[in-house]
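Please find below a short note, set out as numbered points, to be read alongside the sequence and the structure.

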Amino acid sequence: MIIKIWQYRDQIKDLVGGAAKQARSFDIAIGCSSYIIGLAASGEHHHAFVTAERVGEYAIMDPEGEGSHRIVERYADNLSSNKVQDHVRDMAVYAAGAGLDRLWHMTWSHRKGEAVDSASMRRQRATICRIMGIEECPSVGAFHGDTPNSHGHHLSVSINAATGGNVSFGYGWWKEAAQIAIAVCEYQEGLGPEPNRRYVADETGVYHTFSDIKIADARGSIIKNADGKVDHQLIHSIQSQHEIIFDNNKAGPKDLAGEEWPMSRVAHILAAPRIQNAKDWPDLHSRLARVGLRYVKVGNTAVLETVPQNGKQKSLKIAAGKAYSNAALGKLQAKFGTPYVPPCPSLKIRPFVMPRFDKPTTDAKKENSAARWDLSQEAKKLTSHMQTDNLHRQEDYRDGKKGANYNYLASRQRQMAEEELSVAKQFAVAIGARRARRKRSPDTGKLLPKPTISTQFLAIIWSRFKPDNGKVKADIKGKLAKRYQIKKRLGRIEYYEGMRLMFVETQNMIAIRSTARRAQIDALRLAAAKLSSVRIFGKPAAIANTVFLAAELGLQLEDQQKSSGEKHCDKIEKERHRGILERHRIWLDLVPKLRIYRDKERAAKQKRRKQAELFTDSKIETLGMRNQIAREAARNKQLNDPLPGRASRILDNMDRNTLLLASSRGTRGGYRYLDDPALFNAFSKTPEALLLSETQMRLEAIEHIQMEQRKWFCAAMHSDRIIVKEGKVEISKPEDHWVMAFYEQQKDDPTFNRLIAVSYLRPDRFKFDTDIPPEIVTWRSARATNKQQMADYIADELHLRARTDKRDPKSGAEECRRIFNLIPYEAQALRDTPGHFLSQYKNWSFRKPDESEAQWERRRKLIIRNNNSWGR
């Protein structure tokens with residue numbers, strides 16, 4: 001996970017006067033807000049819209065990008081209006097009043113393929129806003145779905161919306177606060193951290209990864225000094241410690257530059273300070289768990305071992321004494337005054353991510369220089385081609401077209417060539433292929449500042465003209481005229497969709513402006529009709545994307561780009577890798593279906609709303625009084641069968657697959673799930689039981705599990721673990737038998753169908769380990785967010801599904817054993833969960849994951865002897 005933060009204060013540095021700056025702030029806020037929440041910005045606000053779009057340049061030209069599904073979810077905080085269009089205007093008013101210094105554009109993004117749903121993104125947004133101190137500020141934002149990296153945008157004005165007072169963004173230390181927010185989000189959501197992450201978090205607080213100095217509490221609030229202000233001395237201390245470590249983070253042998261650390265360095269840098277600061281064995285295990293390490297006793301010695309990100313990876317181990325001499329087992333037992341105590345089974349250990357050596361600055365400069373050299377050579381070829389072509393055209397006019405209008409035609413050609421060449425040169429400067437020339441002032445003779453070069457293009461397609469291409473070009477032009485609004489200007493033809501410029505055609509090039517896949521395909525097909533072969537000029541990401549697309553379209557590429565295109569096509573053919581065109585075709589096929597699913601979903605929500613409206617305010621009040629009377633009667637032992645027990649039995653006997661809680665949206669009087677037909681019918685005789693807090697918690701647990709089951713279904717479908725044919729599911733593994741009944745009952749739900757359709761568009765978001773049951777994933781998530789009661793209910797649901805005989809709580813032991821083997825380090829915590837698991841496995845003994853066969857045999861015999869002595 002990464003967070004990026006931008007400001008636009010440099011947009012007003014050339015203005016004089018408060019009115020001009022205020023007007024510019026107003027325009028920029030409108031442009032940024034419009035880009036973020038997916039509205040068109042026109043006229044005087046379009047430049048600011050383009051500026052905000054460039055902020056997200058790291059995601060531009062993504063192979064998966066389709067503009068029409070860019071906005072996944074919108075939101076607005078502390079704004080009085082209810083309409084999306086009014087949110088833009090409100091933000092502009094706040095920005096104009098507060099000034100551009102208080103306008104903050106923040107994005108957070110996850111690594112490619114990391115499955116993050118909207119609920120998780122909402123939790124992360126709340127955490128980030130709280131830690132940055134902008135919960136009370138006017139804000140708009142959205143979660144975007146146009147890249148493989150799940151990401152969100154948040155635009156905020158750092159003033160209090162209620163009082164108008166100024167708010168300190170990030171409490172004056174916004175770079176540190178952003179790093180702290182990353183650590184807290186990664187811990188709460190169970191996300192894999194990046195190598196060399198600055199901070200790590202657990203339930204006790206946020207700590208510097210390498211020195212283990214605490215910088216914030218568990219909620220992410222930076223530690224305060226005696227005056228109640230952010231302790232800047234502490235921050236400076238951590239920053240200096242970080243700099244000291246990374247000043248020495250250069251690999252000795254150059255071939256190790258950028259590679260992973262050896263375990264000896266991990267022990268010395270990561271483990272040593274934590275072992276030195278530990279007060280006892282639990283404290284030691286807790287400190288090491290923050291960075292994914294375990295201190296394990298092996299015979300008469302101890303080792304430090306890593307906790308891999310999944311069970312299939314191998315742990316790395318090293319003798320504990322390698323951290324420092326007093327870290328050996330005997331020395332620590334003497335220090336703590338007690339024999340070795342293993343870590344608590346319920347201790348949450350962060351998956352280990354190996355830090356990396358820094359690349360030497362000289363090597364990084366060499367790589368950048370090589371990239372700039374390649375770009376500069378391509379820029380020279382492009383400009384040289386344009387100049388040569390202009391000379392040939394001038395010669396044609398001179399030799400074959402002398403007449404009364406010769407001077408006009410030659411002048412017009414010269415003007416078109418100069419404009420085209422100027423665009424190419426500006427584009428080359430903008431992407432770093434050329435340097436911007438500094439000019440001298442005509443008055444003083446001093447060098448003027450470097451000009452700010454901006455370009456609206458993403459890539460340029462160019463090469464030699466194809467002879468006799470008139471008919472083919474006319475055919476493609478006719479097709480484009482049906483799709484775009486075409487505007488012709490001197491020497492250029494612009495293709496628009498509505499107000500948005502898609503691409504531009506000039507004499508020698510076609511410049512792509514839009515990231516929309518349809519526009520890129522059309523631009524390349526126009527290039528194929530116009531040019532004998534194609535060359536792509538732009539930033540590396542734009543080049544790669546366009547080259548792959550051109551290769552799939554069958555265009556003739558040149559030089560190295562031809563080789564890259566051939567490799568891409570080979571990959572598609574050999575590895576069953578979905579190409580860009582296939583993904584685009586799937587998108588076009590699914591767009592009508594998605595509209596149908598949305599309409600059905602809207603109708604289903606309306607039907608559910610009517611179902612929930614049966615629970616009027618007066619009825620909810622009456623049912624609440626019944627529950628209170630029943631609780632009083634149970635407390636006085638006047639009832640043999642209390643209401644919570646009856647409600648629990650009803651739920652136990654219900655077929656979970658008939659419930660559509662993942663699609664439930666009905667909330668009446670603070671109670672949820674009152675809109676589910678199957679639930680309403682099951683509790684028709686005792687509707688008051690639906691309002692019990694225990695019932696609501698159990699239903700919430702079932703909802704979380706169903707949401708994970710649906711995502712698991714999509715992932716298994718794309719990994720060929722299951723096959724769907726004619727409305728039936730075929731499974732390849734016997735443990736997946738549950739999915740057949742699940743799909744049979746859930747397949748008519750439009751929300752589920754829409755999720756399946758989205759999974760075809762974005763299969764990268766449904767790549768995870770399908771060997772782990774959905775209930776375990778949900779259980780882990782609840783424990784990671786400190787929702788222990790919810791985790792207990794989820795564990796009960798897992799036990800109920802495992803039972804083969806619903807009347808016998810101890811049935812399904814074989815299925816439970818399979819689940820325990822899947823999560824060896826968490827199995828004991830699951831067995832100790834209050835409820836069905838604890839009642840079945842209380843006083844049972846199991847082999848520990850790090851226990852050898854001989855150790856387990858000795859311990860097993862000792863347990864049997866003790867049980868016999870106690871008569872168990």
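**Notes on the predicted model**

1. The protein contains 28 helices and 21 strands. The model is a predicted one, and the points that follow should be read as descriptions of that prediction.

2. Of the 872 residues in the protein, 48% are buried. The accessible surface amounts to about 43,900 Å², and carbon and sulfur atoms account for 50% of it. Among contacts with a separation of 6 or more, 66% are made by residues 24 or more positions apart in the chain.

3. An open sheet of five strands deserves attention; its strands follow the order β1-β3-β5-β4-β2, and their pairing is antiparallel. Strands β1 (2-6) and β2 (71-77) form the edges and have a single partner strand each, so one side of each lacks a neighbour in the sheet. On average, neighbouring strands of this sheet are turned by 15 degrees against each other, when direction is ignored.

4. Within this sheet, β4 (residues 139-144) and β5 (residues 151-157) run antiparallel and are joined by six bridges. One residue pair may serve as an example: alanine 142 has histidine 153, in β5, as its bridge partner.

5. Which strands does helix α4 touch? Helix α4 (residues 118-132) packs on the sheet and touches β1, β2, β3 (103-109), β4 and β5. The direction of α4 makes about 140 degrees with that of β3.

6. Helix α5 also meets strands of the sheet: α5 lies across β1 and β3, and runs at about 150 degrees to β1. Helix α5 comprises 16 residues (residues 174-189), which at 1.5 Å a residue should span 22 Å; the C-alpha atoms at its ends are 22 Å apart, so the expected and computed spans agree.

7. Is helix α5 mostly covered or mostly exposed? Helix α5 is mostly covered, since twelve of its 16 residues are buried. Among them are Ala177, Ala178, Ile180, Ile182, Val184 and Tyr187, together with Glu176, Glu186 and Glu189. The list thus includes glutamates as well as residues such as Ile180 and Val184. After the helix comes glycine 190, whose phi is positive, near 65 degrees.

8. A search for disulfides across the whole structure finds zero. Two cysteines may be set side by side. Cysteine 816 has a relative accessible area of 2%; this is under the 20% limit, so cysteine 816 counts as buried. Cysteine 569 has a relative accessibility of 26%, which lies between the limits of 20% and 50%, and therefore cysteine 569 counts as partly exposed.

Note on methods. Residues are numbered from 1 along each chain as its sequence is written. This is a predicted model: local features need pLDDT of at least 70, side-chain atom pairs count only at pLDDT 80 or more; totals for chains, interfaces and linings use all residues. Side-chain values use heavy atoms; hydrogens and water are left out. Helices (H or I, at least four residues) and strands (E, at least two) are DSSP runs, numbered from the N terminus. Buried means under 20% relative accessible area, exposed over 50%, partly exposed in between (1.4 Å probe, protein chains only). Contact means heavy atoms within 4.5 Å. Accessible areas come from the Shrake-Rupley method with a 1.4 Å probe; for residues, only the protein chains shown count as cover. The expected span of a helix is 1.5 Å times one less than its number of residues. Two strands pair if DSSP finds at least two bridges between them. Axes are lines fitted to C-alpha atoms, for helices over the stretch in contact, and angles run from 0 to 180 degrees between N-to-C directions. A disulfide is a pair of cysteine sulfur atoms within 2.5 Å.
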